[in-house]
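Me: Please take a close look at one part of this model, the pairing of two neighbouring strands, and then place that part in its wider setting.

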Amino acid sequence: MSTRLATGGRLLNRGAAYSFSFNGASFRGYEGDTLASALLANDQLLMGRSFKYHRPRGPVASGAEEPNALVGLGEGATFEPNQRATTTELFDGLKARSQNHWPSLDFDVGVVNNSLSRFLPAGFYYKTFIAPRPFWKHLYEPIIRHSAGLGAAPKDLDEDRYEHFYAFCDVLVIGGGIAGLTAALAAGEAGARVILMEQTSHWGGRTPVDGGTIGGVAAQAHIDALVSKLEALPNVTMRLRCMGSGVYDHGYALGYERLTDHAPRNIGPRHRLWRIRAARIVTATGAIERPLAFAGNDVPGVMLASALRDYVVNYAVSPGDRVVVVTNNDDAYRTALAVKAAGLTVPAIIDARPNGGGVLAAEAEAAGISVRKGMGIAKVEGGKRVTGAAICAQAGEGAVLETIPCDAIAMSGGWSPVVHLWSHCGGKLLWDDATAMFRPDPARPPLGADGQGYVLTAGSASGPMGLAEVLADAVEVGAQAVTGAGFTAAAGDVLPVDIAAESALEPVWMMPQGAEYKLRAKAWLDFQNDVKVSDVQLAAREGYESVEHTKRYTTLGMATDQGKLSNINGLAVLSQALNAPIPQVGTTTFRPPYTPISFGAIAGAARGDVFQPLRRTPIHEWLDSHGADWEPVGQWRRPFCFPKAGESRHAAVDREVKATRASLGLLDASTLGKILVKGPDAGRFMDMLYTNMMSTLKPGRCRYGLMCNENGFLMDDGVVVRLDEDTFLCHTTTGGAEHIHAHMEEWLQTEWWDWKVYTANVTEQYAQIAVVGPKARKLLEKLGGQGVSGEDFPFMTMKDLTLGGIAVRAFRISFSGELSYEIAVPASKGLALWEAIWDAGQEFGITPYGTEALHVLRAEKGFIMIGDETDGTVIPQDLGLHWAISKKKEDYIGKRAQARSFMDNPNRWSLVGLETVDGSVLPEGALAVAEGDNANGQRNTQGRVTSTYHSPTLGRGIAMGLVLHGPDRMGEVLDFADGKGGFIKAKIVDQVFFDKDGDKQNV
Amino acid sequence: MLILTCPHCGVTAEETEFHAGGEAHLKRYGPGSSDADFEDYMFNRVNPKGVHFERWRHVYGCGKWFHAARCTATLEVFGTYPAQTHQPPEALLDIIRQKRPGWSWRDFS
C-alpha cells in the first residue's frame, strides 16, 4: 500500500493539515501537497478510469504531463472537469470526484470493454459504425456519447471572475527551474524588462530533487539565492502558478495564471490571461520523462521514475514498500537511491542496457541494490495495483525468467525536452541519435517581424543534459536573449557543479525488443486514450504512413494531455513498423495551449453586459420607458414594437401600422447610417459609388440610390441628399454605415487617391426622427414649421426648419408610402425634439412604431429591404430597379461585372409580389417548386420568398419573392413548400400592394 | 499575431488593430475590358510561398490604407508603404533583393 513517510517531504508544511474529500470519502493531507500526493498518502492509488477500455488507472506522472489522474473539482457553479490531480494544489475543503466510470471507480461496468479489447482495435469506430446509415443517429452515436468522453460538462453558470493582463517586456522567460532563473537573472542584470513565469507553486523545478551542489552549496540554497537576487531587481516581474500557454507570431505569448485555484477563499479573479509582447522569449521548460512500453505498464503503481522520486522526496509519500526500477538510462538510478534513502526496499533495478550504467549504478550496487543488466519487464503482475514484475531478457521475446514481488514500478525510457513552446510558431526540431530525442534546432527558430529568431531555449528544453551543461546553457542563452533585445549583457560566470555524471542511454521503444503480440497488445503507449503498441503497428499495416494520420486513426496523442508521454514512443514504434528512420516519420504538430486553459480565462471580462458594446440612440431611454420590445440590429438595439399591457407582438404591430396609415406614426430612425461626402470631386465620386447619376442632383434635393460592390451585387441603398454644390449626405442602412464608409475610403485611398474628396461617418452625430402619416404636415405646422406646404416643401427635397424652437434639417422622404418627414438634429437635441413631437402629436393620436411596422409599411408599398430582397447574390436588375441604374454613365463600381454573361442572363430570378390564394402568410424563405427533380433527387425550384408579412391594411398575407421570369408571369399561381410536406398556393402579382399611384405620399 | 508599422501615422501595432485587404497592386479593369482581363482583376490572386505584397488598413487607428511586403513562409515583414502608389519603393525592393536573392512577384523582382 502507499502511505505517508514519517519524515521528509521538502514541499510539505506538516504544521498545516487539511481535510478534503474524494468521491465523498474524507481524507487528510498537508499544505504543499498536490491532490495526487495527498491521495497516495492515503493509499488511494486508483484515481481514474481510461477513456476506451475503462481500465483502472493511478497517476503515472507528478506534473503537467499526467494522463490518468483526471478528476472533477468543485461543485455547481465552481465545478470543473478533467483537472489533473498532479497539478491541483491541496486546500482545506477541496472536493474532488473521479470520472469516466459507472457505477463507481472501484467497480466499473464499462470495464467489460477490457475483455473485448481485441475487438476494439485501432480505427474501431471508423470500421464499425458505418452501416446501416440510420443506425448512426439512433444507435451508435447515443451509445458512443454515453460511454466515451472525459468528465462531464459543467451545468451551472461559472460564478468566478477572470481577467486579461496586457504586458510588454524585453525578455520573457517561461519556466522557473534552475535554467529559467539563471537566464532571467542574466537578462535582468543587464537592465532589460523581464517577465519570469513558472507553472508550479515553487521556484527551482526538479533540481533540488535530483541533488548535487552548485558553487559549493546545495541546489536549494543556490535557488533561494537566485530568487532573492531576482526579487531585488525592479525590472523583473516574477509569477508563480503561471504557465506559458502558447507562443505566437512576432513575439506574442500567452501566460495562464491560476490565482485562486489553490485558495478559493481569496478575493479576486480566479484566472488571469497574460497577453505579452516580448522582444525575445526564452523557453526554459525542462524535459519530460518517457515511459517504457512493456505489458501491463498501465497497472496502478507503475510510474515514471522521476515522478516516483518526486512523491518520495517532495511529499514524503511511500508508493509501496518494494519498488522495482526499470530503465534504459542512469537517471532512474537516482530514484532507486532516493527510495532506499527513505528506508524502503528496492528489490531490483532492471537495466535494459547489456553493460548497465556508470557512477550512479556503482553507487546503487554499493548500497546493496541488485542490478539486472540487459533485462526488461515481460509483464506486470496485478490488476488494480502492482503485485510483481515478471522479468525477461530485453533481447528476447518475453520468456519470463523470474517474477519479483513488488508494490510499485519506477520506469524510465529517457527524457524528451519540452519543445512545445519552441514549436508553436514554427521553430524546427532535429533528431539527436545519441540522446534519442527531438530537440530544438537553434539554426531554425521562429522568426519575428525583423526576420530574427525571437525564441531561444535554455537548459533541458534545449535537450536534456547534466546540471553543469544546463547552467552553462542558461547563462549563455540569457545573455543572447538580452543582447537580441538590444541590451549589453555582462559576462556571466558559470558556477562549478558537483553531481554524479551519467553514462549514455540506449533507446528502448519496446520491452522486450521482440515482444510477442500478446504482450504488445498490453503495452500501453498512450494511457489516456488506450493506444497500445499493437494499435500503432496495425495502423502502419493498414497503410497509415503519416504520423498525423496515425494520430487521428489510433487517437494516439489526442485529448487533454496531447501525448506529452506518448508521442515519441508512438512515433518510434511507427517508424520501426514502417522501417523508416524516426526523423523521416517526424512529429505531429504542436499547438497551443501547452496544457488546457479555462474558457473563462480566454473570455476574460468579456461576459454578459460587457461581451460587446451596446449602441444606444439619444432616444433609447425614452423608448425603453415607453414599452419598447427590443431587438438587436447589429450592435444597436431597436424597438421591434411597443406592445401595450396584455397585447401580443402581432397585435401591437397591426395597431402601429394602422395608426400610421390613418393618422400619425413616429419612428426613431437615428440608427440609419449618415455619411458626408465632400469636396470638389464629390459628384464624380458619387457617380462611381452609386448606380444612379448623382452628380446631376440639385442642391437641396434628395434621390434614392443603389450601391453595388465591384462584383456587381447590390450591397446597400438609401436616400442621398445634396446639401450644397460639393457636399452630399448619404443615408445607408442601419447595419451598413460602418462598412459602407469603409468601402468609400477603400476606393478613395486605393484607386482614386488623387480625387479631392473627404468622407465622414456622422451617424452618431445626428438623431433622426421619422414623422409619418396623413397628419405629419399638421404636426410640423403646429410645432412652428414654416413653408411646409406641398408646393413649398415638395417630395424628395430638404429644408431647414425650426420646430419647437429647435433648428432642424428636414427631408421629405418616405419609406412607408405616407406623407413623411425625416427630421435630423444634432444628437444632443434628439430627445428634446422627440418629446416636443410627442407632446404636439397627442391630439393626432401619435403612435411610436418599431422595426416590424416599418417592414410591413414598406412591404405593402413593394419597397425592397437590403438583407431581405438581397443576400449578396442579387443585382439591382433582379429587383426591377433598372430605373435607378444610369445608362449614361461610363462607369460605376459594379458596372463591368453586371455585363458578365451570368449577370445578363434572362433566366435570373426576378422580383414580383406574391399573394396567397387563401390569404395566409407564406413562410419566410419558402421555395416555389417546379416540375421534376434535380440530380440529387430534390424537387426543382423556380423561385423563393424574400419578404413575407401579414398586412393589417389589406387584412391578408403579402409577400415578395424572386421568381423565374416572374414579371412575365403575372396572375400565374405557384406552389410554395410549407416546410411540413405540403404546399401553399400563391399568385404572382405586382409587388406594390397598396396605393400604387402614390396618392397618399404626394400630397 | 503579426506586428505591423503603419507608414502613415508611424504606429507599430498588433495585427488586431489592422484589417487585411488582400493582394496589393491590382490594376482595375472597368467597363469595356475583356472578360479575361476582368476575371483576372476580380478573381485571380497569387498565393506565393515567400515574398508577397498585401494591402492593409489601419482600421482601428488612422484609418489609412497601406501596403506591406512580407514573407508568407517566415512571416518576416520587409517593409510597409502608403497604398497611394502603383509600385513598391525602390529602397524596399533593394531590401528584398538583399534578403531573398532571385525573388520575383508578379512584375517585380
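Reply: The part in question is the pairing of strand S2 (residues 13-22) with S3 in chain A, which run in the antiparallel sense and are joined over seven bridges. The model is a predicted one. Within this part, Phe20(A) stands opposite Phe27(A), the latter lying in S3(A).

The two strands belong to an open sheet of five strands in chain A, with the order S3-S2-S8-S6-S7. Pairing across this sheet is mixed. Strand S3 (25-31) of chain A is at one edge and strand S7 (80-84) of chain A is at the other, each with a single partner strand, so one side of each has no neighbour in the sheet. On average, neighbouring strands here are turned by 40 degrees against each other when direction is ignored.

The chain around this sheet has 26 helices and 52 strands. Its C-alpha trace spans about 115 × 70 × 55 Å along the principal axes. Of the 1003 residues in chain A, 52% are buried. Among contacts in chain A with a separation of 6 or more, 67% are between residues 24 or more positions apart.

A helix pair elsewhere in the chain can be described in similar detail. Helix H9 (residues 332-341) of chain A packs with helix H10 (residues 359-366) of chain A at an angle of about 25 degrees, and their axes are 9 Å apart. Angles under 35 degrees count as roughly parallel, and H9(A) and H10(A) are therefore roughly parallel to each other. The crossing of H9(A) past H10(A) is left-handed. On the H9(A) side, the residues that meet the other helix are Tyr333(A), Arg334(A), Ala336(A) and Leu337(A). Their counterparts in H10(A) are Leu360(A), Ala361(A), Glu363(A) and Ala364(A). Sorted by class, this contact of H9(A) with H10(A) has six nonpolar and two charged residues, and no polar ones.

Chain A also touches a second chain: 21 of its residues are in contact with 21 residues of chain B. On the chain A side, helix H22 (737-750) and helix H26 (895-898) each supply at least two residues. H22(A) gives the largest share of that side, four residues. By class, the residues of chain A that touch chain B are seven nonpolar, five polar and nine charged.

To return to the starting point, S2(A) and S3(A) form an antiparallel pair, and S3(A) is an edge strand of the sheet.

Methods: Residues are numbered from 1 along each chain as its sequence is written. Chains are lettered from A and ligands numbered from 1 in the order in which they are written. This is a predicted model: local features need pLDDT of at least 70, side-chain atom pairs count only at pLDDT 80 or more; totals for chains, interfaces and linings use all residues. Axes are lines fitted to C-alpha atoms, for helices over the stretch in contact, and angles run from 0 to 180 degrees between N-to-C directions. Angles under 35 degrees count as roughly parallel, over 145 as roughly antiparallel, 65 to 115 as roughly perpendicular and the rest as oblique. A crossing is left-handed if the near helix is turned anticlockwise from the far one by less than a right angle, and right-handed if clockwise. Two residues are in contact if their C-beta atoms, placed from the backbone, lie within 7 Å. Ala, Val, Leu, Ile, Met, Phe, Trp, Tyr, Cys and Pro count as nonpolar, Asp, Glu, Lys and Arg as charged, and the others, Gly among them, as polar. Two strands pair if DSSP finds at least two bridges between them. A residue is buried if 20 or more other C-beta atoms lie within 10 Å of its own, exposed if 12 or fewer, and partly exposed in between; C-beta atoms are placed from the backbone.
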